[in-house]
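Got the model open in your viewer? Let's take a walk through it, one selection at a time.

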Amino acid sequence: MTMLTVEAANPYKVHIGHGALNAFDESYRELFAGADKIAIIADAQVAALHLDHLKASLDFADKLAVKEIPAGEQSKSMETFMECQSFLLENDFSRKSLVLAFGGGATGDVVGFVASTFMRGISYIQIPTTILAHDSAVGGKTAINHALGKNMIGTFHQPAAVIYDTYFLETLPDKEIRSGMAEVIKHAFISNENWLLELLAVKNLPEMSKEQLAVNLERGIAVKAAIVEEDEFESGVRKFLNFGHTLAHAIEALSGYGKITHGEAVAIGMAYALELSGHKKLPEFLEWCLFNGYPLEIIENFSFEKLAGIMKKDKKSSGGLLNFVLLKETGRPFMATIDEKEAEKAYDALRSKIGEMHI
Ligand SMILES: NC(=O)c1ccc[n+]([C@@H]2O[C@H](COP(=O)([O-])OP(=O)(O)OC[C@H]3O[C@@H](n4cnc5c(N)ncnc54)[C@H](O)[C@@H]3O)[C@@H](O)[C@H]2O)c1
Ligand SMILES: O=C(O)C(=O)C[C@@H](O)[C@H](O)[C@H](O)COP(=O)(O)O
Ligand SMILES: [Zn+2]
């Protein structure tokens, strides 16, 4: 098991590894004892698989209440947000209460948002259960979606701890392994060429050994934590964590949230950012996506015009400009405003390249 500290304004620890749930007993007894009530707010699918295992690692059964929310992206809605608020109020939660977010990134985002707004903010712990959540559970971004844009309603609210027990990953379907590994390779693209080369050599992600996966997750978390420590509220370098996301979020919004996974959309968004960057690894990255089953071909479904309308509302943009995270080279990200005509040309070029791959 490993542990690292995120030196945010309110520092907290990330416990990673098989058996990380033991940290509750070893490090958080006081936090739990001090809480008047504790809620587990869980993704319903994750609860069906793993709630008993989580509960077995927790004492304080007398003050525990469980709320299940819809599985995955559907939960990042105003409806689920309000249901959770009602649940906390109906069960007499207070400012001294604690919330545990149990599930993937979607659960972490909506539950973090609930915790950050309930009585103007209470403590919560992230208990991530997906590969992708190595990213989402760290850094304190919380959000729900709006029909006009992904994650448009949210806050920065750091968790009191992240307990990342890799035991939960054993039930992840291949599609979610693929989705999560897109954020891992994103962390490699923005930080380290040698790591990127190692990842590009993996032609069947579900066959990665547990050890290999653990190393990748730890590296990803270290990259993320270092950036969050430098720029917690995204006035500068934190924007680099959005590599691939300007297009990805537009694709997710246009497809209907949850129709394509976040990581699959980010993979297409990264390919586009590599095209805009003139990065030499684009052909190799497209091959990697193809081998690993990322649905690149869906790019055919979206007109640039519609995507551009949404991309102009991106949180990194203002004044109707198109802003992207690009790479001078691997490990050297920068922000760029791209002229609309140039952005469209690059989009068409990427579509042609994907079209020629005979998927
Ligand atoms: N806050 C951040 O910094 C940040 C970072 C990256 C992504 N995100 C957000 O995270 C979300 C994506 O997260 P995600 O990829 O974890 O998806 P998710 O939370 O939508 O979960 C995906 C699916 O996997 C299932 N699942 C979860 N854990 C499982 C397990 N252990 N075994 C079997 N099934 C399991 C869920 O029920 C769901 O159906 C997006 O909304 C994205 O915007 C946020
Ligand atoms: O933590 C960050 O900062 C990120 O940008 C991480 C992204 O992977 C994540 O998808 C995040 O939710 C996107 O943030 P947004 O501000 O573009 O909604
Ligand atoms: Zn992301």
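At what angle do the axes of helix 4 and helix 5 cross? Select helix 4 (residues 78–90) and helix 5 (105–117) to see the answer: the axes come within 10 Å and cross at roughly 50°. Axes here are lines fitted to C-alpha atoms, for helices over the stretch in contact, with angles running from 0 to 180 degrees between N-to-C directions. Helices (H or I, at least four residues) and strands (E, at least two) are DSSP runs, numbered from the N terminus.

Before you go on, note that this is a predicted model: local features need pLDDT of at least 70, side-chain atom pairs count only at pLDDT 80 or more, and totals for chains, interfaces and linings use all residues. Residues are numbered from 1 along each chain as its sequence is written, and chains are lettered from A and ligands numbered from 1 in the order in which they are written.

Back to the pair on screen. The angle makes helix 4 oblique to helix 5 (under 35 degrees counts as roughly parallel, over 145 as roughly antiparallel, 65 to 115 as roughly perpendicular and the rest as oblique). Now show Thr80, Phe81, Cys84 and Gln85 of helix 4, which meet Val110, Val111, Phe113 and Val114 of helix 5; contact means C-beta atoms, placed from the backbone, within 7 Å. That patch has six nonpolar residues, two polar and no charged. (Ala, Val, Leu, Ile, Met, Phe, Trp, Tyr, Cys and Pro count as nonpolar, Asp, Glu, Lys and Arg as charged, and the others, Gly among them, as polar.)

**Next stop: helix 7**

Select helix 7 (residues 174–189) and helix 11 (residues 262–277), which pack at about 40° with axes 7 Å apart. Among the residues in this contact are Met181, Ala182 and Glu183 of helix 7 and Val266, Ala267 and Met270 of helix 11. By class, the contact has six nonpolar, four polar and four charged residues.

Keep helix 7 and add helix 9 (residues 210–230): their axes come within 9 Å and cross at roughly 55°. Here Glu183, Val184 and His187 of helix 7 meet Asn216, Arg219, Gly220, Val223 and Lys224 of helix 9. This contact divides into two nonpolar, three polar and three charged residues.

**Zoom out to the domains**

Colour domain 1 (1–167) and domain 2 (172–355) separately; the bounds come from an automatic or database domain assignment. Their C-alpha centres lie 26 Å apart, and the contact takes 27 residues from domain 1 and 29 from domain 2. On the domain 1 side, strand 1 (2–6), strand 2 (12–17), helix 6 (133–136) and strand 8 (149–156) each give two or more residues.

**Now the ligands**

Which residues come nearest to ligand 1? Of the 34 around it, they are Gln45, Gly104, Gly105, Leu132 and Ser136; a residue is near if its C-beta atom, placed from the backbone, lies within 6 Å. Helix 3 (44–56), helix 5, helix 6, helix 7 and helix 11 each give two or more residues to this shell. Both domains give residues to the shell, so ligand 1 lies between them.

Finally, centre on ligand 2. The residues around it include Asp135, Lys141, Glu183, Glu234, Arg238 and Lys315. Its shell has two nonpolar, four polar and six charged residues, and draws at least three from each of domain 1 and domain 2. Glu183 is one to label: besides being around ligand 2, Glu183 also sits in the contacts of helix 7 with helix 11 and with helix 9.

Notes: Two residues are in contact if their C-beta atoms, placed from the backbone, lie within 7 Å.
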